[in-house]
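Hi everyone, thanks for coming. Have a look at the structure on the screen, and I'll walk you through a couple of spots I liked.

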Amino acid sequence: MRKEFKLPELGENIDAADVLKILVKAGDYIKHDEPVLEIETDKATIEVPSTVEGLIKEVLAVEGQKIKVGSTVIVVEESAAPAEAPAAAPVTAEVSVPASAPSVSEPAKVSAPAEFILPELGENIDAADVLKILIKVGDVVAADQAVIEIETDKATIEVPSNISGTVTEILIKEGQKAKVGQPVFRVSGGAAVSAPAEAKPAPAPQAPAEQKSGPVKPAPAQQESKFVPVDTQPGILTDAAPAAPSARRIARELGVDVNKVTGSGPHGRISVDDVKAYVKKLNLSRREEKPSGFGVAAVPLPDFTKFGTIERKPMSNIRTKTAEHLSYAWASIPHVTQFDKADITDLEAIRKMFAPKVEAKGAKLTVTAILIKVISHALNKFPQFNASVDMEKKEIIYKSYCNIGVAVDTERGLIVPVINDTDKKNITEISLGLAEISEKARLRKISPEDLQGGCFTISNLGGIGGTYFTPIVNSPEVAILGVSKGAYEPVYKNGEFVPRLMLPLSLSYDHRIIDGADAIRFLRWVIEALEQPMKILIEG
Ligand code: CAO
């Protein structure tokens, strides 16, 4: 009796696979659970075991082609069993799963060791620093359980697992950098919950996980479907690039969209070499491109060891991003910095008077909080300071919202969280907001949203010291206020020197859209508002 072996279910949302290797040929005698072919899905390479037994009459799958779930792979003649084989071995057309292979008959179950890989972390983020590993070997990990704490240039994130099971191996270390797509840990005896990690090549099949006992089931009626290479079924499965997991992984690591790579394998299959060739071509074409105005060629560093002992340490993500962002801002914005001083003697008296009231609400009334309020009014008065430049379209973008970024000094470096709608908040609310973001920044709890949408930045170094400095405009904003240490100094007033508390201010601005005269007018307005707070109430 002739029997067909069809490609079984391969897991949730997997309806086809690439045939890597056919492990049998016509004339072979195949037994239950013997591997028939090696296939590759997006998630894993799998050896598929036979659920039929007999003499192989026909092999319908073709190496290098795609095969759909349910398509016939081989046809066997049951009665043609060799002498030593059981004449009528109990067969079932239901699929048996080798214990060590990824899920076949039970979609989404992973009985093989499964790997958790570092998932996508957001646009332009391809790596993160591993701050803490929250699991250890032997732990039973549940789906959605936080497994590692990482830090990108944007935020500290607890990453939840998408697999469950007992942790058998941890593949990264605290303090290391982990790349998106990199294996993080392995589990055994669990289930993939969503977007399962790429499984390792399946070892040779062992005992079937689902050994059928009890009455022999009759094989279901033969299905009509024959092996259908997907190429002949346009529009069904051709949306994703046919790439091996290894090729996808390297593409991810190199920051390349695998769909843009031309595959040189059968049916355009993309190999690791294809990805590398694509990256090489991309790099060559970039080198040939003309420098983009602000591009500065890197000058090779001298060999410092000639002068003494050195130690090289990797930059943290925050440091790397700060370096890139500030280099870009410094090179692309024509900066001018305007210096001036505000007499905050009276304001200091008012600050001290109101400080207990703000403190009762749980915040501290500081110069920074007051400056945020004053700047919010100034942005309303001088709209070109609450703007961005679109040089491509030759347009200036004016914003009618007001969010102020505050440079915060943390032990991991500088970050600039944003307080939203500062024009609509009173100083107590701003103080509470400032306390919240400073605390979050220092406790590494800032989320990417906390860092977005700023219109203007204030950088107050006065709590530490300094007289003046030249802050760099926080692109795509167009101005930044640097604040240095307020100190008493003699000021000539009404024919005599009097001690006044003077606050040094440094306004850096983008000269493309702000002229020097505008900058002085803006800064003078801010200073007058600090010196005579009634100005805000009167002029708004
Ligand atoms: N002049 C004199 N004293 C100042 C001052 C100034 N410009 N600014 C703050 N102070 C005083 C405060 O009044 C406070 O004194 P008391 O404790 O006696 O009240 C003390 O310094 C500490 O202030 P603070 O830091 O707690 O509060 P803040 O709201 O003024 O500042 C923040 C908050 C987040 C801006 C600040 O903590 C910070 O991180 N500053 C560094 C910013 C930075 O690194 N900028 C550089 C960017 S470019 O590399």
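Before we start, one bit of vocabulary: Ala, Val, Leu, Ile, Met, Phe, Trp, Tyr, Cys and Pro count as nonpolar, Asp, Glu, Lys and Arg as charged, and the others, Gly among them, as polar. Also, this is a predicted model, where local features need pLDDT of at least 70 and side-chain atom pairs count only at pLDDT 80 or more, while totals for chains, interfaces and linings use all residues. Residues are numbered from 1 along each chain as its sequence is written, and side-chain values use heavy atoms, with hydrogens and water left out.

Okay, the ligand. How many residues surround the ligand? There are 22, if we call a residue near when one of its heavy atoms lies within 4 Å. Thr366, Thr368, Asn460, Ser484 and Gly486 are the closest. By type, the shell splits into eight nonpolar, nine polar and five charged residues.

Now some polar contacts, meaning pairs of N or O atoms within 3.5 Å. The side chain of Thr368 has an N or O atom 2.8 Å from a ligand oxygen. A polar side-chain atom of Arg442 sits 3.0 Å from an oxygen of the ligand, and for Asp409 a backbone N or O atom is 3.1 Å from a ligand oxygen. On its own the ligand has 970 Å² of accessible area, and the protein covers 69% of that (Shrake-Rupley method, 1.4 Å probe).

Which elements give two or more residues to this shell? They are β23 (408–410), α6 (427–442) and β26 (456–460), with α6 giving the largest share, three residues. Those labels are DSSP runs numbered from the N terminus: helices are H or I with at least four residues, strands are E with at least two.

Next, a sheet. Four strands make an open, antiparallel sheet in the order β14-β13-β11-β16, where pairing takes at least two DSSP bridges between two strands. Why is one side of β14 and of β16 left without a neighbour? Both stand at the edges with a single partner strand each, so there is nothing in the sheet on the other side. From one strand to the next, the twist averages 45°, with angles running from 0 to 180 degrees between N-to-C directions of axes, which are lines fitted to C-alpha atoms, for helices over the stretch in contact.

Inside that sheet, four bridges join β11 to β13, and Val130 stands opposite Ile150 in β13. Helix α3 (residues 317–332) packs on the sheet and touches β11, β13 and β16, counting contact as heavy atoms within 4.5 Å.

Definitions and conventions
Polar contact = N/O pair within 3.5 Å; in protein donor to acceptor, adjacent residues only side chain to side chain.
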